[in-house]
Amino acid sequence: MIDPDNDGNVRSHSASHRHLPGEPGIWVMVFSDMIVFSIFFATFLAHRAENVEIFERSRAEMERGYGLLNTVLLLTSSWLVAEAVSRVRKEISTGVRPMLMGAIMCGFAFVISKVFEYGGKIRAGITLNTNEFYTFYYMFTGIHLLHVFIGIGVLVFIMVLASKERCSSAGVSTIESGAIFWHLVDLLWVVLFALLYLVR
Amino acid sequence: MIIQRLRPNRVSLAWAILLMLTLISWESADSASPARLEGLMVIGIAMFKVRIIGLQFMDIGLTPRRLRLGFEIGIVVVSAILMSVYALSPMAPR
């Protein structure tokens, strides 16, 4: 028997207690995205292997503080979303809206941080065409930023949905789907942070 | 009952572990240890963090076994590919 949420509600490991959170379609989307990004990551490292000196010199110029801040913001936002979803499942409305609002604020803070980071680089003359590392950097973080924008929109939508007094099972499934997408955004950044800022 | 309430729930525990792993990776980036070893460690930690996010935040750990198995196998395969490509690449001159 397990109590995965440490809330006194125990569950067995049996198949009858396993369920697919969210809509099946979100999982198809999430795993497809993971596969695509995995190819991106491998491609980045393969190109790095052909041009190690330039890649390492550029990586060393990266402001790791931005990377750390962005990682902490997204991990914290994911935590808040996961806690909110846990409460929605238990039909506890207290705290759900503030948690989702907190996650949205973390998302906005990430975007603002990225604006400052991009701005600093552009002012220093570092653009998409500076070298291969920065082409990858702007492309990958740009695509990820697009995911962040979409994710923020999704979080706003599920916050509105969760604010209703009674959430239907379909509503819970939609909220879970939105949360899963946001966790994907966080998960992808975790690897981007490692490859672009840390791996030397 | 009191002890149970004092224990962090699994989601909060996962978040704390993720932050700790993030700091470990961040600190290792410019340390004096061999770069190759650190690079492999950083990639390994990143993929382990992916696993924690998947299992604890996305709740893949509570999904039907096939989905979880697919996720775990995927992490192992991607980790192996990334680490192999990195390990076979030349080192940058200091």
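Helices and strands are runs assigned by DSSP, with at least four residues for a helix and at least two for a strand, numbered from the N terminus. The legends below describe a predicted model.

**Figure 1. Chain A is built from six helices and zero strands.** Along the sequence, the elements of chain A follow the pattern α-α-α-α-α-α. Chain A has 200 residues, and buried residues make up 54% of them. Among the contacts in chain A with a separation of 6 or more, 74% are between residues 24 or more positions apart. The accessible surface of chain A is about 8,600 Å². Carbon and sulfur atoms hold 66% of that surface.

**Figure 2. A:Ile126 sits in a loop of chain A.** The loop runs between helix H4 (96-123) and helix H5 (132-162). Is A:Ile126 buried or exposed? A:Ile126 has a relative accessible area of 17%, and buried means under 20%, so A:Ile126 counts as buried. Leaving out residues up to four places away in sequence, A:Ile126 touches A:Glu61, A:Lys121, A:Tyr134 and A:Tyr138. A further residue to find in this view is A:Ser58, which is 68 residues from A:Ile126 in sequence. In space, the C-alpha atoms of A:Ile126 and A:Ser58 are 9.9 Å apart.

**Figure 3. Chain B and chain A meet at an interface that buries about 4,400 Å² between them.** Of this buried area, 68% is on carbon and sulfur atoms. B:Trp26, B:Met58 and B:Leu62 supply 16% of the area that chain B buries against chain A, more than any other three residues. How many residues of each chain are in contact with the other chain? The contacts involve 51 residues of chain B and 53 residues of chain A. Two salt bridges are counted between the chains. The interface also has nine residue pairs in polar contact, with both residues at pLDDT 80 or more. On the side of chain B that touches chain A, H2, helix H3 (35-57) and helix H4 (65-88) of chain B each supply at least two residues.

**Figure 4. B:Asp59 forms a salt bridge with A:Arg89 across the interface.** B:Asp59 is in the loop between H3 and H4 of chain B. The closest N and O atoms of the salt bridge are 2.6 Å apart. The side chains of B:Asp59 and A:Arg89 are also listed as a polar contact, at 2.6 Å. Within chain B, the side chain of B:Asp59 makes a polar contact of 2.7 Å with the side chain of B:Arg10. Apart from neighbours within four places in sequence, B:Asp59 is in contact with A:Pro21, A:Arg89, B:Arg10 and B:Gly54. B:Asp59 has a relative accessibility of 5%, and the limit for buried is under 20%, so B:Asp59 counts as buried.

**Figure 5. Five residues of chain B, B:Leu13, B:Ile17, B:Met20, B:Ile24 and B:Met41, form a nonpolar patch on the surface.** Together these residues have about 410 Å² of accessible area. Which helix gives the largest share of the patch? Helix H2 (residues 10-28) of chain B does, with four residues. B:Ile17 is one of the patch residues and is found in helix H2. The relative accessible area of B:Ile17 is 31%. Partly exposed covers values between 20% and 50%, so B:Ile17 is partly exposed. Residues of a patch need over 30% relative accessible area, and B:Ile17 has 31%.

Methods. Residues numbered from 1 in each chain as written. Chains lettered and ligands numbered in written order. Predicted model: local features only at pLDDT ≥ 70, side-chain atom pairs only at ≥ 80, totals over all residues. Heavy atoms only, no water. Patch = residues over 30% accessible without salt bridge, like charges linked within 9 Å, V, L, I, M, F, W, Y side chains within 5 Å. Areas by Shrake-Rupley, 256 points an atom, 1.4 Å probe, with all protein chains shown as cover. Salt bridge = Lys/Arg side-chain N within 4 Å of Asp/Glu carboxyl O. Buried < 20%, exposed > 50% of the residue type's maximum accessible area, 1.4 Å probe, protein only. Contact = heavy atoms within 4.5 Å. Buried area = accessible area lost by both parts, 1.4 Å probe. Polar contact = N/O pair within 3.5 Å; in protein donor to acceptor, adjacent residues only side chain to side chain.
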